[in-house]
Amino acid sequence: MGEEQVKRDAELAEEARLAQAEVKKEPRTDAERLKFAEERKEQGNALFKQEHHTECMTRYVQALGYLGEMYSAEGETKVKKDEISFSCYLNIAAAATKTGYHQKAVENCNKALEIKKDSAKAYFRKGQALSAKQDYEDARAALKKALEIAPGDKAIERELVALQKKVDQHKQKEKKMYANMFS
């Protein structure tokens, strides 16, 4: 064997190693997809804590993408898939609200509610997003539903008080505007 053959064998071995590494990057089974989704969700959580809201949303969307590629979800696998999906939707909603994407927050809360219909947290975040969109009537309905599910929750009660203040301010603004129009 000449030097060229040894060099060529080394190149082929490196190419095979890289190809094998590439195969390992993409999940091939539902169990691997769950694992990858959980990892992306955890990365998103870490980014959220660091207030990198746009980047964390990307990780949550990636996690949901892996879950969407699952072939069958039954039994414990379905429970785990739903748990991760629910968490990702709520976390996207929280990050979207912080970045001003209020409609995206509402949509993700609705997706979370498709998984868990009685989630006070999902209704609470939906109410926050709707309030930020100045959709006060729907915000009040969402927050009241959250309070119905979690009676006495102080955060929900505070949000309802804050919402009422926004509504009152909005009415005062409108009153002034109309008074100026007709005077």
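# Exercises on a helical protein

Leaving aside neighbours within four places in sequence, His 102 is in contact with Ala 96, Thr 97, Ala 129, Ala 132 and Lys 133. The model used in these exercises is predicted.

**Exercise 1.** Place His 102 in the secondary structure, decide whether His 102 is buried or exposed, and find which of its contacts belong to the H4–H5 and H5–H6 packing.

Solution.
- Step 1. His 102 lies in helix H5.
- Step 2. The relative accessibility of His 102 is 18%. The cut-off for buried is under 20%, so His 102 counts as buried.
- Step 3. Among the residues that His 102 contacts are Ala 96 and Thr 97, and both are listed on the H4 side where H4 meets H5.
- Step 4. Ala 129 and Ala 132 also contact His 102, and these two appear on the H6 side where H5 meets H6.
- Step 5. His 102 itself is listed on the H5 side in the contact with H4 and again in the contact with H6.

**Exercise 2.** Give the overall secondary structure of the protein and its order along the sequence.

Solution.
- Step 1. Counting elements gives eight helices and zero strands.
- Step 2. Along the sequence the pattern reads α-α-α-α-α-α-α-α.
- Step 3. The protein has 183 residues, of which 34% count as buried.
- Step 4. Among contacts with a separation of 6 or more, 53% join residues 24 or more positions apart.

**Exercise 3.** Describe how H4 packs on H5.

Solution.
- Step 1. Two packed helices are described by the angle between their axes and the distance between the axes.
- Step 2. The axes of H4 and H5 come within 8 Å and cross at roughly 160°.
- Step 3. Angles over 145 degrees count as roughly antiparallel, and H4 and H5 are therefore roughly antiparallel to each other.
- Step 4. The crossing of H4 past H5 is left-handed.
- Step 5. On the H4 side the contact includes Phe 86, Tyr 89, Leu 90 and Ile 92; on the H5 side it includes Ala 105, Asn 108, Cys 109 and Ile 115.
- Step 6. Sorted by class, the contact of H4 with H5 has ten nonpolar, four polar and three charged residues.

**Exercise 4.** Repeat the description for H5 and H6.

Solution.
- Step 1. The axes of H5 and H6 come within 9 Å and cross at roughly 160°.
- Step 2. That angle makes H5 roughly antiparallel to H6.
- Step 3. H5 and H6 have a left-handed crossing.
- Step 4. Val 106, Cys 109 and Leu 113 are among the H5 residues in this contact, and Tyr 123, Arg 125 and Leu 130 are among those of H6.
- Step 5. By class, the residues of the H5–H6 contact are ten nonpolar, two polar and two charged.
- Step 6. Cys 109 is listed in the contact of H5 with H4 and also in the contact of H5 with H6.

**Exercise 5.** State how many residues the largest nonpolar core has, and which elements give two or more residues to this core.

Solution.
- Step 1. This core has 42 residues, and Leu 67 and Ile 156 have the most contacts inside it.
- Step 2. Helices H2, H3, H4, H5, H6, H7 and H8 each give two or more residues.
- Step 3. H4 supplies the largest share, nine residues.
- Step 4. Not counting residues up to four places away in sequence, Leu 67 touches Leu 34, Ala 37, Lys 81, Ile 84 and Ser 85.

**Exercise 6.** Classify Ser 131 and Ala 162 by accessibility, and give a spatial relation for each.

Solution.
- Step 1. Ser 131 is in helix H6 and, at 2% relative accessibility, counts as buried.
- Step 2. Beyond residues up to four places away in sequence, Ser 131 touches Tyr 136, Ala 139, Leu 163 and Lys 166.
- Step 3. Ala 162 is in helix H8. With a relative accessible area of 33%, Ala 162 is partly exposed.
- Step 4. Ala 162 and Gln 128 are 34 residues apart along the chain, and their C-alpha atoms are separated by 10.0 Å.

**Exercise 7.** Locate Glu 51 and Gln 134 and give the phi value of each.

Solution.
- Step 1. Glu 51 sits in the loop between H2 and H3, and its phi is positive, about 65°, although Glu 51 is not a glycine.
- Step 2. At 62% relative accessibility, Glu 51 counts as exposed.
- Step 3. Gln 134 is in the loop between H6 and H7. Its phi is also positive, near 65°, in a residue other than glycine.

How values were computed. Residues numbered from 1 in each chain as written. Predicted model: local features only at pLDDT ≥ 70, side-chain atom pairs only at ≥ 80, totals over all residues. Heavy atoms only, no water. Core = buried A, V, L, I, M, F, W, Y, C linked by side-chain atoms within 4.5 Å. Buried < 20%, exposed > 50% of the residue type's maximum accessible area, 1.4 Å probe, protein only. Helix = DSSP H or I, 4+ residues; strand = E, 2+ residues; numbered from the N terminus. Contact = heavy atoms within 4.5 Å. Axes fitted to C-alpha atoms, helices over the stretch in contact; angles between N-to-C directions. Parallel < 35°, antiparallel > 145°, perpendicular 65-115°, else oblique. Left-handed = near helix turned anticlockwise from the far one by under 90°. Nonpolar A, V, L, I, M, F, W, Y, C, P; charged D, E, K, R; others polar.
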